[in-house]
Amino acid sequence: MATADPTATTPLRERAAWRALEAHHAQLRNLHLRELFAEDPLRGERLAAEGAGLYLDYSKNRITDETLRLLIELARESGLAARTEAMFRGERINVSENRSVLHIALRMPKGTPLVVEGVDVAAQAHAVLERMAAFCERIRSGEWKGHTGKPIRNIINIGIGGSDLGPVMAYEALRHYTRRDLTFRFVSNVDSTDFAEATHDLAAEETLFIVASKTFTTLETMTNAHTARAWSLSALGEEAAIAKHFVALSTNADEVAAFGIDTDNMFGFWEWVGGRYSMGSAIGLSTMLAIGPGAFRDLLAGFHAMDEHFRTAPLERNLPALMGLLAVWYGDFFGAQTAGVMPYSQYLKRFPAYLQQLTMESNGKHVTLDGRRVDYDTGAVYWGEPGTNGQHSFYQLIHQGTKLIPVDLIGFAKNLNPIRDHHDILMSNVFAQAEALAFGKTEEDVRAEGTARAIVAHRVFEGNRPTNVILAQKLTPRTLGALVALYEHSVFTQGTVWSIDSFDQWGVELGKVLAKRIIPELESQDEPELDHDSSTNALIRRYRRLR
C-alpha cells in the first residue's frame, strides 16, 4: 500500500484559518474570562462535551464562539478527518518509518476485523491477548510453579520507555483492582540501584521476570535482564530454572531462546505499535497479571470507546479534538511553552509522567511530514503532580507567575477508598482551583478585605489562567482506557495541525548510539585514545580517575 499523507499540503501559516486566528488573537488576547462569563451566564454549561464516560468542561478557556469556529476550521483545513480515517484504515501515516499506526487495533472488540494489506491485524491482536490471558490465569491460580515447585508471588517487569511507563502507570492507577497477594515491581533504569532495590527483599524461587524488548537487544533492558538472570541463577543454580522464571515480550525468537526463555512464553507485538501506544498489547502483560484478564478487557473497552468517539463525534463535541485544538491555540498564539496535568487522584500519581512520553516524544518535532523546517512552535512540555499536593508546591507560579500555563484538572465523583469527608475536600479543590485560576482576585477585592495598602499588590490574583476540567464517575479500568485514549488522540490532533509525524522518535537514537561508543572507553583497562569534543574527553578522564 502506498504511503498516505492526507494532511493538507498548504503550509500551516498560509492556511486561511491560521491567518484568521492570528487576527482574532490580536483582538482577543486581552479579553478576560470575567468578561466572557459575565456576558454569557450559560457559558459553563454550553462549553462542555461528553464522550466515553468522560465530561469535559472547557468553558474556562480564553476563547469565544468565534475562536472555536476558527480552530475547527483549522482542523478541517489541516485534513484532520482524512488523516484520522487513514490511521483507522491502517495506511502508513508514520512516513519516516513507512509504517501503519494501529494501536487502535489492539482494543477493537473481538470478531471485528481490520484487514490491512491482506492481514486481519485485529485478529492478530486478539490471538496474543488470548495467550496472555491463559498465561495470566496459570500464574494467578498458582498452577504455574517456579523451578523449586513454589508458586509465583512476585512479578518484576523489566523494560524502558513505553515498555515501562505504561505498565507502571497502569499498575498504580488500577492498584485498587489488583491482587494484593502478588507483588509487582518495575525496573527500567540502567542504574543498578533500580534493580537492587526492586529485588532486595524478594525470593528468587517465587519471582517471575517479564523482559519487554521488541528486538531483545535494547541496551538498558537487556543489561537489567542479564543482571536478573544472574540474580536468579545465584539462588536457583540450574540453567533450566530460567524458563520457569522469565517470560519475554518480544519478536526476536532467536535471542529469546538464547537467553533461556521458552519461546512458548514469548508474547509478540508489531511494528505498527509504537512503544508509547503499546499499553493494550503484550506490553500490558504485567497489567493483566495484576488486575486479571476480565478487567484488562474492560481497560481495552475504554480505549475503544474513546477511539470511536474521536472517530465519529462532530468536532464541536469531540473531546480529543477540542483539547488538541486548544493546545495549539495556547502554544502557537499565546506562546505557552508548558502544559500542566493535575489528576486529583492519588492512584494517578504516575499519569503525568506517562503523558510526558506520550506528548513530548510524539510531538517534539522540528520538521513537517515532507521534511521542511517548521516556523511555528510544536510540542509543549507536559508536567504535573497529583492534587492536592501540587497546590502546596508549584501552583503559586501558575496563579501569580509571569508564565501562562494551561492546566487540565482531572477528578472523579466517587472515591474508591471513601473515608469521612476526604473526597468532598479533595474535589472542592478541583472546582476551587479552576475558579481561582479563571477569575482571580482583583485589587478592589483585596482592598475590601481590609488589607494593608503596602501589601495589596502581593495579594492580587490576575486570573485569566485557562483550565480544562475532566470529570468521570469513578476511576475504573474502563475509565483509565478512555482517559489515556483521550490524550492519545489529542496528541494526534495537534500533530495533524502541525503537519508533523507524531509516531516516530528519532530524537532518542543519537544519544544511545554515542553511549555505545563511550562504554568501552569507560571500561578499558588501558587509557583510551579519545576523539570526542574537549568537554566530553575531560569528563571521561575525570570519571575514570574518580572511579
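Axes here are lines fitted to C-alpha atoms, for helices over the stretch in contact, and angles run from 0 to 180 degrees between N-to-C directions. The model described is a predicted one.

**Helix 13 and helix 14**

On that basis, the axes of helix 13 (residues 293–312) and helix 14 (residues 319–333) come within 7 Å and cross at roughly 70°. Angles of 65 to 115 degrees count as roughly perpendicular. Helix 13 and helix 14 are therefore roughly perpendicular to each other. Helix 13 brings Met306, His309 and Phe310 to the contact, where they meet Leu319, Pro320 and Ala321 of helix 14. By class, that contact has five nonpolar residues, one polar residue and no charged residues.

**The five-stranded sheet**

Five strands make an open sheet in the order 6-5-7-8-9, and the pairing is parallel. Strand 6 and strand 9 (266–267) are at the edges; each has a single partner strand, so one side of each lacks a neighbour in the sheet. Helix 9 (residues 219–236) packs on this sheet and touches strand 5, strand 6, strand 7 and strand 8. The direction of helix 9 makes about 160° with that of strand 7.

Within the sheet, strand 5 and strand 6 also belong to a right-handed β-α-β unit, with helix 7 (residues 162–173) as its helix.

**The six-stranded sheet**

A further open sheet has six strands in the order 1-2-13-12-10-11, with mixed pairing. Its edges are strand 1 (48–51) and strand 11 (381–383); each has a single partner strand, so one side of each is left without a neighbour in the sheet. Neighbouring strands here are turned by 15° against each other on average, direction ignored. Helix 15 (residues 351–363) lies across strand 10, strand 11 and strand 12 (407–412). Helix 15 runs at about 165° to strand 11.

The table lists parallel strand pairs from both sheets, each with one residue pair.

| Strand pair | Bridges | Residue pair |
|---|---|---|
| Strand 5 (residues 154–158) and strand 6 (residues 183–187) | five, parallel | Ile158 and Val187 |
| Strand 7 (residues 207–212) and strand 8 (residues 246–249) | four, parallel | Ile210 and Val247 |
| Strand 10 (residues 338–343) and strand 11 | three, parallel | Ala339 and Tyr382 |

**Where helix 7 meets helix 15**

Helix 7 belongs to the β-α-β unit with strand 5 and strand 6. Helix 15 lies across strand 10, strand 11 and strand 12. These two helices meet. Their axes come within 9 Å and cross at roughly 150°. Angles over 145 degrees count as roughly antiparallel. Helix 7 and helix 15 are therefore roughly antiparallel to each other. The crossing is left-handed. On the helix 7 side, the contact residues are Gly162, Leu165, Gly166 and Met169. On the helix 15 side, they are Phe351, Ala353, Tyr354 and Gln357. By class, the contact has five nonpolar, three polar and no charged residues.

**Backbone exceptions**

Most residues other than glycine have a negative phi, and most peptide bonds are trans. Two sites depart from this pattern, one for each rule. The peptide bond from Gly387 to Thr388 is cis, with omega near 10°. Thr388 sits in the loop between strand 11 and helix 16 (395–400). Asn98 is not a glycine, yet its phi is positive, at about 55°. Asn98 lies in the loop between helix 5 (80–89) and strand 3 (115–116).

Definitions and conventions: Residues are numbered from 1 along each chain as its sequence is written. This is a predicted model: local features need pLDDT of at least 70, side-chain atom pairs count only at pLDDT 80 or more; totals for chains, interfaces and linings use all residues. Side-chain values use heavy atoms; hydrogens and water are left out. Two strands pair if DSSP finds at least two bridges between them. A crossover is right-handed if, with the strands pointing away from the viewer, the path from the first strand over the helix to the second runs clockwise. Contact means heavy atoms within 4.5 Å. Angles under 35 degrees count as roughly parallel, over 145 as roughly antiparallel, 65 to 115 as roughly perpendicular and the rest as oblique. A crossing is left-handed if the near helix is turned anticlockwise from the far one by less than a right angle, and right-handed if clockwise. Ala, Val, Leu, Ile, Met, Phe, Trp, Tyr, Cys and Pro count as nonpolar, Asp, Glu, Lys and Arg as charged, and the others, Gly among them, as polar.
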